[in-house]
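Here's a friendly walk through a protein model, written for someone meeting it for the first time. Have a look at the picture, then read on.

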Amino acid sequence: MATPSAAAPQSGSARLPPRWFIRTAWVVHRAIYNVTGGRLGLRPPSSKVWGMMRLHTIGRRSGAPRAAIVAYVEDGPNLVTMAMNGWGDPPPAWWLNLQARPTASVDLPGERRDVIAREAQGAERERLWEVFRSLEGGDDLDALASRRSRETPLVILEPAPGTR
């Protein structure tokens with residue numbers, strides 16, 4: 001893999017908490033969002049930190065609605081997120097769902113948006129990877145990505161036609 005996410009020198013310690021802790025944090029984050037009716041749990045991105053959005057997909061096998069809270073950055077009218085599962089090796093279910101059915105919606109602070117997902121490729125992917133690397137904690141990004149057996153996809157969520 002010759003992409004920045006896999007081949008660049010590893011600058012940070014890339015220490016992760018145990019998997020049980022990461023999964024517990026996800027449960028707590030979703031609970032905070034649900035208990036507060038969405039008033040807490042999401043945030044817009046800034047020039048220093050990524051934002052948090054709620055992504056709505058349709059289950060690829062069940063056909064049931066699914067939701068996940070994921071980090072994102074803005075790239076013009078597009079939203080960009082990393083398809084990683086707490087830096088675990090398997091891809092997140094929401095990414096598999098989007099590959100099967102790329103139409104989705106997102107909840108942002110104060111707004112809901114219909115989107116269409118696609119994977120960033122080539123120079124676009126490298127440019128967006130650098131955006132994530134420039135944020136707080138981004139110095140460990142390459143080291144964390146190297147823990148996975150596959151390249152971490154960057155998912156671009158473009159406004160659906162007729163919106164925005």
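## A bridge across the chain

Let's start with a charged pair: Arg-125 and Glu-151 join their side chains in a salt bridge, with 3.4 Å from N to O. Arg-125 belongs to helix H4 (residues 122-133), while Glu-151 is in the loop between helix H5 (141-145) and strand S6 (154-159), so this pair ties together parts that are 26 residues apart in sequence. Arg-125 is buried, with a relative accessible area of just 3%. Glu-151 is partly exposed, at 24%.

Keep in mind that you're looking at a predicted model.

## The overall layout

Stepping back, the protein chain has five helices and six strands. Follow the sequence along and you'll meet them in the order α-α-β-β-β-α-β-β-α-α-β.

The protein chain has 164 residues, and 40% of them count as buried. Now take the contacts in the protein chain with a separation of 6 or more: 67% of those are between residues 24 or more positions apart.

## More charged pairs

How many salt bridges are there? The count comes to nine. As background, side chains of opposite charge can pair when their charged atoms come close.

One of these bridges links Arg-118 and Glu-124, at 2.9 Å from N to O. Arg-118 is partly exposed at 29% relative accessibility, and Glu-124 is also partly exposed, at 23%. There's a third member to look for here: Arg-118, Glu-124 and Glu-158 are linked in a network of salt bridges.

Another bridge joins Arg-133 to Asp-142, where the closest N and O atoms are 3.0 Å apart. Arg-133 is partly exposed, with 28% relative accessibility, but Asp-142 is buried, at 2%.

## Strand S4 and its neighbours

Next, find strand S4, which covers residues 103-108. Is it enclosed or open? Five of its six residues are buried, so S4 is largely enclosed by the rest of the structure.

S4 has strand S1 (residues 51-58) as an antiparallel partner, with three bridges between the two. It also pairs with strand S5 (residues 111-119), again antiparallel, and here six bridges do the joining. Ser-105 is a handy landmark in S4: His-56 has Ser-105 as its bridge partner, and Ser-105 in turn has Asp-114 in S5 as a bridge partner. S4 and S5 make a hairpin with two residues between them, and Gly-110 in the turn has a positive phi of about 80°.

## An arginine without a salt bridge

Back in strand S1 you'll find Arg-54. Arg-54 is buried yet has no salt bridge. How far away is the nearest side chain of opposite charge? That side chain is Asp-107, and it is 4.1 Å away, whereas a salt bridge needs the nitrogen and oxygen within 4 Å.

So what does Arg-54 touch? Leaving out residues up to four places away in sequence, its contacts include Ser-105, Val-106 and Asp-107, along with Ala-67, Ala-68 and Ile-69. Tyr-33, Asn-34 and Leu-42 are touched by Arg-54 too.

## Rings and a charge

What about the rings? The count of aromatic pairs comes to zero. There is a charge sitting over a ring, though: the charged end of Arg-43 lies over the ring of Trp-50, 4.4 Å from its centre.

## Two buried glycines

Finally, a couple of glycines in loops. Gly-59 is in the loop between S1 and strand S2 (65-75). With a relative accessible area of 6%, Gly-59 counts as buried. Setting aside residues up to four places away in sequence, Gly-59 touches Ala-64, Arg-66 and Asn-97. Its C-alpha atom is 8.7 Å from that of Arg-101, a residue 42 places away along the chain.

Gly-86 is in the loop between strand S3 (78-82) and helix H3 (93-100). Is Gly-86 buried or exposed? At 13% relative accessibility, Gly-86 counts as buried, because the cut-off for buried is under 20%. Pro-17 is 69 residues away from Gly-86 along the chain, and the C-alpha atoms of the two are separated by 10.0 Å.

Key:
Residues numbered from 1 in each chain as written. Predicted model: local features only at pLDDT ≥ 70, side-chain atom pairs only at ≥ 80, totals over all residues. Heavy atoms only, no water. Helix = DSSP H or I, 4+ residues; strand = E, 2+ residues; numbered from the N terminus. Buried < 20%, exposed > 50% of the residue type's maximum accessible area, 1.4 Å probe, protein only. Pairing = 2+ DSSP bridges. Lys, Arg positive; Asp, Glu negative; His and termini not counted. Contact = heavy atoms within 4.5 Å. Phe/Tyr/Trp six-rings, centres within 6.5 Å; stacked < 30°, edge-to-face > 60°. Lys NZ or Arg CZ within 6 Å of the ring centre and 35° of its normal.
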